[in-house]
Amino acid sequence: MVNIRREICPADKWDIKCPNKMTPTRIVIHNTANDAPAKNEISYMNSNKNEVSFHFAVDDTETVQGIELDRNAWHAGDGNGKGNREGIAIEICYSKSGGEKWLKAVENAAELTAKLLDERGWGTDRVTKHQDYSGKHCPHRILDEYGWDKFLDLVKSKMKKASAVKPAAPSAPAAKKISVIYQVWDDVKNCWLPEVTDLTDYAGLYGHDVCAVYARLTSGNIFYKVHYKGGVWLPEVKNREDYAGLFNKPIDGLMMRTDTGKTVKYAVHLRISDRWLPFVSGYDADDFDNGYAGIIGQEIDGVKIYIE
Ligand SMILES: [Zn+2]
């Protein structure tokens with residue numbers, strides 16, 4: 001969990017920085033457009049006399065809070081509109097130059113956002129951007145490079161399971177496309193990586209062993225199980241009723257099936273030999289060609305799935 005350090009604005013500045021009581025209804029995401037760490041962003045805010053303020057600054061190592069969450073801040077450029085008067089402002093640091101520290105700051109900001117949502121029983125529909133209120137191109141590096149939807153997916157992946165998983169979509173007509181949404185547990189980062197839909201991306205990070213898999217469909221059921229390295233095929237799981245795998249045991253085999261009448265196609269990337277194996281569609285531990293994805297004994301660091 002990201003460490004949250006409080007450096008609350010001195011009371012004699014409140015009439016400038018946070019004059020109004022506030023009941024938050026949303027979160028407003030910003031990028032600092034700067035290369036300063038969180039502590040500098042907050043100390044600068046607390047020391048100057050500008051009507052500019054925000055609740056949190058997040059960098060690669062910590063979150064610093066400068067304004068109490070029941071006070072408003074001036075950040076959204078909408079005067080006394082909902083952004084400034086009802087929004088919890090999160091500034092993500094190091095957006096000017098980007099790079100590793102920036103990406104870690106994004107990760108930490110997503111974790112903070114997920115925590116704030118979970119505490120309030122909110123969904124990701126409460127997460128908004130500065131741009132929504134004043135048209136300013138902010139959070140600029142998320143809009144230009146990282147992707148807003150990907151950021152929301154990252155937040156979702158860090159939320160508690162119950163609130164992160166939306167109820168299954170109502171069953172669709174047979175002709176309608178079914179998507180598979182999936183994610184994997186990363187044994188290096190020790191967390192669930194963001195959800196992926198169909199072939200828009202792969203789930204995993206090259207070089208990091210996959211230890212567990214989660215999958216669900218937009219309609220119908222998916223069943224799957226994994227084999228862990230040096231071990232056995234673990235029990236089959238259905239949708240997100242459970243995950244398949246054991247934390248900290250790399251998997252070396254994956255098999256999937258669906259009851260939708262369509263075919264689930266899946267492929268894995270091998271970590272050591274650094275290559276994708278062909279897509280398979282079967283569900284049989286004895287069928288080395290098409291019964292499962294993977295080569296027993298070889299760790300997997302990427303998974304791709306789609307429904308045909
Ligand atoms: Zn902004």
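This is a short tour of the structure, one selection at a time.

**Whole chain.** Start with everything displayed, and keep in mind that this is a predicted model. The C-alpha atoms of the protein chain fill a box of roughly 75 × 40 × 30 Å along the principal axes. If you colour by secondary structure, you will find eight helices and 17 strands. Of the 308 residues, 41% count as buried. Among the contacts with a separation of 6 or more, 67% link residues 24 or more positions apart.

**Colour by confidence.** The protein chain averages a pLDDT of 93, and 94% of the residues score at least 70. Now select residues 162-174, where the pLDDT is below 50. Beyond near neighbours in sequence, this stretch has nine contacts in the model. Where pLDDT is low, the predicted coordinates should not be read in detail.

**Helix H4.** Next, select residues 100-120, which form helix H4. How far apart are the end C-alpha atoms of H4? Put a distance label on them and you should read 31 Å. That agrees with expectation, because 21 residues at 1.5 Å a residue should span 30 Å.

Stay on H4 and show its side chains. Its buried residues include Trp102, Ala105, Val106, Asn108 and Ala109. Farther along, the buried run Ala110, Glu111, Leu112, Thr113 and Ala114 can be highlighted, with Leu116 and Leu117 also buried. As background, an α-helix has 3.6 residues a turn, so residues three or four places apart point the same way. Step just past H4 to Gly121, which takes a positive phi of about 70°.

**Strand E7.** Now jump to residues 180-186, strand E7. Why can E7 be called largely enclosed by the rest of the structure? Six of its seven residues are buried, so the surroundings cover most of the strand.

**The partners of E7.** Add these strands to the selection:

- E10, residues 210-217, runs antiparallel to E7 and is joined to it by seven bridges. Look for Trp185 opposite Ala212.
- E9, residues 196-197, is also antiparallel to E7, with two bridges. Here Tyr182 stands opposite Val196.
- E8, residues 191-192, pairs with E7 in the antiparallel sense over two bridges. The bridge partner of Asp186 in E8 is Cys191.

With side chains on, remember that in a regular strand they alternate between the two faces of the sheet.

**Last stop.** Zoom in on the hairpin of E7 and E8, which has four residues between the strands. Pick Asn190 there and check its backbone: phi is positive, near 60°.

Terms used
Residues are numbered from 1 along each chain as its sequence is written. This is a predicted model: local features need pLDDT of at least 70, side-chain atom pairs count only at pLDDT 80 or more; totals for chains, interfaces and linings use all residues. The expected span of a helix is 1.5 Å times one less than its number of residues. A residue is buried if 20 or more other C-beta atoms lie within 10 Å of its own, exposed if 12 or fewer, and partly exposed in between; C-beta atoms are placed from the backbone. pLDDT is the predictor's confidence in each residue, from 0 to 100. Two residues are in contact if their C-beta atoms, placed from the backbone, lie within 7 Å. Two strands pair if DSSP finds at least two bridges between them.
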